[in-house]
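Me: I am new to this structure and would like to learn how to read it. Please take me through it step by step.

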Amino acid sequence: MTLCSDLSLETKGQRRAATVFGKLNFCIPKKSFRQSKQSIGMADGVSGESEESIAVYSGIYARKLMPNCVANRMIDVKYEAARDVNEEATSEFDNLKLVSGCFYLPKKSESRPLGQDAHFHSQTKRTIGVADGVTGRSERSVAIDSGIYARELMTNCVAKLGRKPNGAAVNPKRVLRTAHYKTESKGSSTACVVSLNGTRLCYVNVGDSGFHVFRSNRCVYTSAVKQRRFNHPYQLYNSGRRIMEFDDIADEGEFEVEAGDVVVLGTDGLLDNLFAHEIEDILEKQISCETPHMHPQQIAVAIGVAAEVNSRNDLYKSPFSMAAGLAGFECVGGKYDDITVIVARIESSH
């Protein structure tokens, strides 16, 4: 991987995104934090190019999340700080692996410039996750930013994964449940964690984040939205009953996958602005005969760009507006929001 010390754009997909949004701050860590304390990578994740496991967070909170780094060398920007959680692999029997890439674009906000989404993706643990701080709770007090809660939640997921050997089976529900129990920040968040265990894609979902599975560029599986009513998703938050509530609202499941399948995981900023059939069209264009091995990072950028364009289209009949209509509300156009996309391609480990 290359170090983007000047936050330049390194891939065609990133340059394409720049034509829409202007220069985006993508930066890729050349070394893990264990290897270097001279700088910190603020990344939109191309960890698919490395076999190391990488988790990502927003950089302005890196001093709290990454205490082993040299504080005066930290860079505060809008995207994510990466940390290596690599351990020795122990499994010799798994024949599938995840190759992943991600895209994050926070909506413009003076009070919360980092947005309220958070995510991680770990190839050695074959696990990916997203969280979306819930705006409704954070707006009750200007002192509460649910993005902080979401970032700590994902940090704790990575900490839980870090204690497992590479290749060992991961229970997503247990990971998220433990992370939820240990998260101390005020706020609330939806969350979805997905893990590849053998040929089973296992997941846990709370709220309106979620994922699609595509096979031969056609959607074959979609996770269910968990909400009390329209636009009121279930969420994780701090309370004396949080463990009992977690078990009540967490949706757990699995799906049989095969080499070549593509998993697209995202927050509601993605799912409210792109239908599955629109993602199918993007996959067909990105994964063609000329580019059969398009990196998931570039695919994630293309999907994220399309979602952002739709979110600003007042005439677009979006998934969000259609759901609003079914709930008895009049709504048209996309939904402007933070957008997080993780694309993970399932490949043969051989």
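The dialogue below covers confidence, overall make-up and two helix pairs.

Me: What kind of model is this, and how are residues numbered?
Reply: This is a predicted model, in which local features need pLDDT of at least 70, side-chain atom pairs count only at pLDDT 80 or more, and totals for chains, interfaces and linings use all residues. Residues are numbered from 1 along each chain as its sequence is written, and side-chain values use heavy atoms, with hydrogens and water left out.

Me: What is the mean pLDDT of the protein?
Reply: pLDDT is the predictor's confidence in each residue, from 0 to 100. Where pLDDT is low, the predicted coordinates should not be read in detail. Here the mean is 75, and 68% of the residues reach 70 or more. Over residues 1-93 the pLDDT is below 50.

Me: How many helices and strands are there?
Reply: Both are DSSP runs numbered from the N terminus: helices are H or I with at least four residues, strands are E with at least two. The protein has 10 helices and 16 strands.

Me: How do I read a pair of helices, and at what angle do H4 and H5 cross?
Reply: Two packed helices are described by the angle between their axes and the distance between the axes. Axes are lines fitted to C-alpha atoms, for helices over the stretch in contact, and angles run from 0 to 180 degrees between N-to-C directions. The axes of H4 (residues 146-162) and H5 (residues 172-182) come within 8 Å and cross at roughly 125°. The two are therefore oblique (under 35 degrees is roughly parallel, over 145 roughly antiparallel, 65 to 115 roughly perpendicular, the rest oblique).

Me: Is valine 175 of H5 buried or exposed?
Reply: Buried means under 20% relative accessible area and exposed over 50%, with partly exposed in between (1.4 Å probe, protein chains only). Valine 175 has 2% relative accessibility, so the residue counts as buried. Across the whole protein, buried residues make up 57% of the 350 residues.

Me: Which residues does valine 175 touch?
Reply: Contact means heavy atoms within 4.5 Å. Leaving out residues up to four places away in sequence, valine 175 touches Cys157, Lys160, Leu161 and Val170. Cys157, Lys160 and Leu161 are among the H4 residues that meet H5.

Me: At what angle do H8 and H9 cross?
Reply: The axes of H8 (residues 276-286) and H9 (residues 296-311) come within 10 Å and cross at roughly 140°. That makes H8 oblique to H9. Among the residues in contact are Ile279 and Ile282 of H8 and Ala302 and Ile303 of H9.
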